[in-house]
Amino acid sequence: MASMTAKENNSTSNLASISSLSFDSTPVKADDLMSVMTPNIKRSLFPDEDEDSGLGMDDHITYTPSLKKSTKRQRTEDGNSTCSKRPKTCTDIKAVVTKLEENDDFIADGSRLHTLPTITGKHSDLKSITPQTLADVINGHYNDVISDYKIIDCRYPYEFEGGHIRGAENMYLHETILTLLREPTKDKQIIIFHCEFSSERGPKMLRFLRSKDRELNKENYPSLNFPEVYLLDNGYKAFFNEQPDLCDPVSYRPMLHSDHSEDLRHFRVKSKSWTAGEKRRYAKRSMRF
């Protein structure tokens, strides 16, 4: 590959710092920037088209130089591609991607099969479990195969206070979800997300965590802090109907409870303000490029 000029070096260095993970912001979307970037900037900022699936990875593994080179130099580079220089890394990544594509029973880093039995839920891209399976986890039936578990309740605080699954943590804001990535990781730990029906808030926060986890570990694909994450099928309502003794207090307060209309408006605004702030930051960053 031709040596970088000092100007290109500075651009690459600046982009590396801008694209690093920040816990109070999300990365700039590639589509917003592609039209104003040079090829070198694109390769630095967006090494993969889809970090989660690994698809499009070959686009950056094999680099085709745009400048004309001598025949001798061209033969040298043809025989020394990025993949041949790092055969173990390339082979390992491709093997994991193939494994995940051929068998979705593997967890997201391809290291092992899912510990819990899953079902086909409302969201085909997420792994769902039944209320009974979660009850079995709480009752210790999986203690020999998991080291730790977290139950993340994405409902609003007044819903959580009106009744929640034993041991659950209330996280309804994006910035609160990000705190999970600051915690020490453990081998064979799992996370279960849910909201009232597991239709919108729970799935959205699960996907947000996975996206940020991929970003945090983008230099070490397919590693993740939390490769094994589940969604509770049909949410707290279904769990309360089946396992009321595992709820504290033994009660169910719906989001649309008539006594909490003001609370609903307040927490909806609060939860959306973070997203609005992120959109403004996207626009500012786009202008910088």
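**Helix packing and sheet pairing**

Modeller: In this predicted model, α8 and α12 are roughly perpendicular to each other.

Colleague: What makes α8 and α12 roughly perpendicular?

Modeller: The two helices pack at an angle of about 70 degrees. The range that counts as roughly perpendicular is 65 to 115 degrees. About 70 degrees falls within that range, so the term applies to α8 and α12. Their axes are 9 Å apart.

Colleague: How do you know that α8 and α12 meet, and which residues are involved?

Modeller: Contact means heavy atoms within 4.5 Å. On the α8 side, P131, Q132, L134, A135 and I138 take part. On the α12 side, the residues are A238, F239 and E242.

Colleague: Which residues of α12 are called buried, and by what cut-off?

Modeller: G235, Y236, A238, F239 and F240. Buried means under 20% relative accessible area, so each of these five lies below that value.

Colleague: What covers the buried residues of α12?

Modeller: The cover includes α8 (131-138) and the strands β3 (164-165), β5 (189-194), β6 (229-232) and β7 (247-248).

Colleague: Where do the residues of β6 point, and are they buried or exposed?

Modeller: V229 and L231 point one way, Y230 and L232 the other. All four are buried.

Colleague: How do you know that β6 pairs with β5?

Modeller: Pairing needs at least two bridges. Three join β5 to β6, so the criterion is met. The two strands run parallel. One bridge sets F193 against L231 of β6. Between β5 and β6 the chain passes through helix α11 (residues 201-216), and this β-α-β crossover is right-handed.

Colleague: What makes β1 a partner of β6?

Modeller: Two bridges, in the parallel sense, join β6 to β1 (residues 128-129). Two is the minimum, so they count as paired. I129 has L232 of β6 as its bridge partner.

Colleague: What joins β2 to β4?

Modeller: Two bridges again, with strand β2 (residues 148-153) and β4 running parallel. D153 is bridged to N170 in β4.

Colleague: What is the strand order of the open sheet?

Modeller: β1-β6-β5-β2-β4, five strands with parallel pairing.

Colleague: Why do β1 and β4 stand at the edges?

Modeller: Each has a single partner strand, so one side of each is left without a neighbour in the sheet.

Colleague: How confident is the predictor, and where does pLDDT stay under 50?

Modeller: The chain has a mean pLDDT of 76, with 63% of its residues at 70 or more. Values stay under 50 over residues 1-8, with 10 contacts beyond four places in sequence. They also stay under 50 over residues 11-87, with 95 such contacts.

How values were computed:
Residues are numbered from 1 along each chain as its sequence is written. This is a predicted model: local features need pLDDT of at least 70, side-chain atom pairs count only at pLDDT 80 or more; totals for chains, interfaces and linings use all residues. Side-chain values use heavy atoms; hydrogens and water are left out. Buried means under 20% relative accessible area, exposed over 50%, partly exposed in between (1.4 Å probe, protein chains only). pLDDT is the predictor's confidence in each residue, from 0 to 100. A crossover is right-handed if, with the strands pointing away from the viewer, the path from the first strand over the helix to the second runs clockwise. Axes are lines fitted to C-alpha atoms, for helices over the stretch in contact, and angles run from 0 to 180 degrees between N-to-C directions. Angles under 35 degrees count as roughly parallel, over 145 as roughly antiparallel, 65 to 115 as roughly perpendicular and the rest as oblique.
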